[in-house]
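Subject: A structure for you to explore

Hi there,

Here is the structure I promised to pass on, along with some notes on what turned up in it. Have a look around first, then read on.

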Amino acid sequence: MTTHERILIIDFGSQVTQLIARRIRECGVYAEIVPCTAATLDALLEARPRGVILSGGPASVYAPDAPRLEFDVRTLAEHHAVPVLGICYGLQLLAYQAGGSVIPAERREYGRAELFIDRTDPLFEGVPSPTVVWMSHGDAISQLPEDYEPIAHTENAPYAAIRHQRLPIWGLQFHPEVHHTADGARMLENFARRIAGASGTWTPEHIIASTIEQIRQRVGSRGVLCALSGGVDSTVAAVLIHRAIGQQLHCIHVDTGLMRAGESRTIEQLFREHFDIPITVVHAGELFLERLRGVTDPEQKRKIIGHTFIEVFEREAARFPDVAFLAQGTLYPDVIESRSVAGPSATIKTHHNVGGLPETMNLQLVEPFRELFKDEVRTIGRALGVPEWFLERHPFPGPGLAIRIIGEVTPERLELLRQADEIFIAELRAAGLYTEIWQAFAVLVPIQTVGVMGDSRTYEHLCVLRAVTSTDGMTADWYPLPHHLLGRLANRITSQVRGINRVCYDITSKPPATIEWE
Ligand code: XMP
């Protein structure tokens, strides 16, 4: 989206760099993250940013191997009129560049602090004094560089906020991007809108219109394939692409037979009836189950499912010879995670939904959400008329229920799991808890345990329920479901699902466990 006015964020490896981008975007200004290793002056200027933000980071600016910039940030402000805001490590870097001293802080500061504003400044427009800010630093400026002045302090940090006396350069020792900094969003908005002068046109309508235009230009009269998994990202991508190119989009949903109860039908109905978008549903459950017969190893299951998926999809895709593109719902965090600076913000993604498709099919990728966060995709989905119940759905793994049945996947076991899972999700929705939970599902543990029903002894399967909270799936905590609901679930599942006589609730966090059981 090269036409947007933008703020560039140079990433020095902070875990919360993405939050800066999100906060800036929330005030209607497009923000993009650039790893510090790629942030040359030429590269920055070429992107014509309205403003530049230097992120925090775990290093000490005085350490020999600390990430630095090959240019002086004053050049940006002085010769190119680009305002600069340094946050935490970013503040220390700009002070260090200008000849100030940065040393290990006498009193390291982590967490809450009260910020007292000492000078009127556009960055603090509308911000009360004192205000709560969030600190996280071991180093501090001990001597201000020439031409800089303090504009706010905390009890422990005399230079909690500084500014250049002549040039549009600011530095904050605290983190305005985190939720705990009460007026942080306002400060970032002040920087992006008041100081950098961005007009705030990064709205869902604008994103939709410009993405549609780009897709049309790129695709021309050729065809685009979209593998619909039933997830939010691929669904919203398909609806948006359909708006752009109509009948040139071919949507394929492969029913692997490993989906939740009624899942494939729901997807089909949503597209056919709600959106009036043609969709090909391939019922390949028998093939998947045949290939999975006798397989108990989880990685083996994943491989078989992955290969079979590609095979089925390719066969189906061959019916559309005009196709030159494959649509994918890749999100911005996936893009930056794969190219981030080495440091805490570099995370390794291990799971992919439809891995391998573009390589084997020789198709170019259309990724309309490469620059968007998940929340933004939801907002776009809403603007495109995707129903709310669909947008709030929990993530579902590509290999589906196969990795929620411990041991061999058989039609009987799938049926048991589906029934238990359906009851669980319906109860969560009825209790109004579904949206508070990141992911909830049932797991079938096909060991038999003894039970008693009526007058007879039973010897049936164990069902485990799991519900976790998380923000990205990388770490997770178990959700404290109310006792009465747990009791009701155990009751309903054991009485309504024949073959399950015991229900357990998983109370392990990730780490040490994972979210899925396999
Ligand atoms: P774990 O179990 O590793 O899961 O804590 C983290 C997130 O990834 C999902 N997951 C998968 N998604 N293919 C996928 O597309 C997979 O093989 C896979 N395994 C786990 C899981 O549901 C959770 O959201």
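Leaving aside residues up to four places away in sequence, isoleucine 423 touches Leu489, Arg492, Ile493, Gln496 and Val497. Try finding one of these partners, arginine 492: along the chain it sits 69 residues from isoleucine 423, yet the two C-alpha atoms are separated by 7.6 Å. Isoleucine 423 itself belongs to helix 15, which covers residues 411-430. Is isoleucine 423 buried or exposed? Its relative accessibility is 7%, under the 20% cut-off, so isoleucine 423 counts as buried.

Please keep in mind that this is a predicted model. The average pLDDT of the protein is 93, and 95% of the residues score at least 70. One stretch to treat with care is residues 340-355, where the pLDDT is below 50; in the model this stretch still has 30 contacts beyond near neighbours in sequence. Where pLDDT is low, the predicted coordinates should not be read in detail.

Now for the whole protein. How many helices and strands does the secondary structure come to? There are 16 helices and 18 strands. Taken along the principal axes, the C-alpha atoms fill a box of roughly 85 × 60 × 40 Å. The radius of gyration is 26 Å, which agrees with the value near 24 Å for a compact globule, because that is what the rule gives for 518 residues. Of those 518 residues, 55% are buried. Among contacts with a separation of 6 or more, 77% are between residues 24 or more positions apart.

On the outside, the protein exposes about 23,100 Å², and carbon and sulfur atoms supply 49% of that area. As for charges, the protein has 49 positive and 63 negative ones, and the mean positions of these two groups are 3 Å apart.

Next, go to helix 1, residues 17-26. Which of its residues are buried? They are Thr17, Ile20, Ala21, Arg23, Ile24 and Arg25. Just after helix 1 you will meet glycine 28, with a positive phi of about 85°.

The backbone has some other spots that are worth a visit. Most residues other than glycine have a negative phi, and most peptide bonds are trans. Here are some exceptions:

- Arginine 48 has a positive phi, near 45°, without being a glycine. You can find arginine 48 in the loop between helix 2 (41-46) and strand 3 (51-54). Its relative accessible area is 69%, over the 50% cut-off, so arginine 48 is exposed.
- Cysteine 88 is not a glycine either, and its phi is positive at about 55°. The loop that holds cysteine 88 runs between strand 4 (84-87) and helix 4 (89-97). With 5% relative accessibility, under the 20% cut-off, cysteine 88 counts as buried.
- Serine 129 and proline 130 are joined by a cis peptide bond, with omega about 0°. Proline 130 is in the loop between strand 5 (101-117) and strand 6 (131-143).
- Proline 511 and proline 512 are also joined by a cis peptide bond, and here omega is about 10°. Look for proline 512 in the segment after strand 18 (500-505).

If you would like a place to begin, go back to isoleucine 423 in helix 15 and pick out its contacts, including Leu489 and Val497.

Happy exploring!

Note on methods
Residues numbered from 1 in each chain as written. Predicted model: local features only at pLDDT ≥ 70, side-chain atom pairs only at ≥ 80, totals over all residues. Heavy atoms only, no water. pLDDT = per-residue confidence, 0-100. Contact = heavy atoms within 4.5 Å. Helix = DSSP H or I, 4+ residues; strand = E, 2+ residues; numbered from the N terminus. Buried < 20%, exposed > 50% of the residue type's maximum accessible area, 1.4 Å probe, protein only. Rg over C-alpha atoms; globule rule 2.2 N^0.38 Å. Areas by Shrake-Rupley, 256 points an atom, 1.4 Å probe, with all protein chains shown as cover. Lys, Arg positive; Asp, Glu negative; His and termini not counted. Charge placed at Lys NZ, Arg CZ, Asp CG, Glu CD.
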